[in-house]
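User: Please take a close look at the second largest cavity of this structure and at the parts around it. What lines this cavity?

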Amino acid sequence: MGEQISILEVHFHSVTSTNEICLERLEEKKHSSVLISSNSQTNGRGRNQNKWHSKEGNIYFSFGFIKDALSENLPIKTAVIVSDAIQDFFDIDIQLKWPNDLVYKNKKIGGILVESVNSDGKFFVVIGVGINLKLDALEAHWGDLNLKVNEGERLKFIKFVFKKLSKINEDNFLSDWKERWEKKCFHMNQEILILPDEKKAVFLCIDTSGRMIVHLDGEKRAFSSSEVKIRNAY
């Protein structure tokens, strides 16, 4: 595999996708972890192959590392870390929508995309984060933090989050992630619609793998990858 010798940090004016570039750099096997950030993306991606609108002025970065095994709760833990960082850095209270949407004033202001590739028994893991600081919304559910932030401050924030995210694989780091995520969730014990069939259910909690637990058709059920809609939100 070769010796893991350093942490690589690269900032671009524009890239296709920070996740894409981050994975490419990880696969070179020269670095223990990689941080790629950019002022804009031409092909930014969200969950389920959705396009992430990525004009200049917002925050786009990806953190990558190599692991022997995958952790199912990485997206949930990342949502807690990033929402805490926004609170600490910008003094704005962020809520969460399952599994890892960042929500402000009932609108999505940020998303997290975790991707992985298995190579010779090792996993190249990339965590992508997009946060809307100031955005002309093309969709009704898009929101922003209503902040105009220069490049220097954006990079300072990215470094601030990276310092926290870089500890995500430590055994005792964020040991109370489940409780912290549930405290930030704005639809606990509320009716949700599970897509694509829009089945009505009540969101109860998450389990230790990050799956949502709901009350549906008279019983408790667990879901790991479904999309949900929330009344009066999105």
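Analyst: The following describes the cavity and then the sheet beside which its lining elements are named. The model is predicted, so to speak of local features a pLDDT of at least 70 is needed and side-chain atom pairs count only at pLDDT 80 or more, while totals for chains, interfaces and linings use all residues. Residues are numbered from 1 along each chain as its sequence is written, and side-chain values use heavy atoms, with hydrogens and water left out.The structure holds 2 cavities of 30 Å³ or more; a cavity is a set of points, on a 1 Å grid over the protein atoms alone, where a 1.4 Å probe fits but cannot get out. Grid points are joined across faces, edges and corners, and a volume is the space filled by probe spheres set on the points. The second largest cavity encloses about 40 Å³. Its lining, meaning residues with an atom within 4 Å of a point, consists of H11, S38, N39, N58, I59, Y60, E151, R154, L155 and I158. Two or more of these residues come from each of β2, β3 and α3 (151-165), and α3 gives the largest share, 4 residues. Helices (H or I, at least four residues) and strands (E, at least two) are DSSP runs, numbered from the N terminus. By class, 4 lining residues are nonpolar, 4 polar and 2 charged, where Ala, Val, Leu, Ile, Met, Phe, Trp, Tyr, Cys and Pro count as nonpolar, Asp, Glu, Lys and Arg as charged, and the others, Gly among them, as polar.

Strands β2 (residues 33-41) and β3 (residues 59-67) run antiparallel and are joined by 6 bridges; two strands pair if DSSP finds at least two bridges between them. S37 has F61 of β3 as its bridge partner. Both strands belong to an open sheet of 7 strands with mixed pairing, in the order β1-β2-β3-β7-β6-β5-β4. Its edge strands, β1 (7-15) and β4 (95-97), each pair on one side only.

Notes: 1 Å grid on protein atoms, 1.4 Å probe; cavity = no way out; pocket = protein on both sides within 12 Å on 5 of 7 lines; lining within 4 Å.
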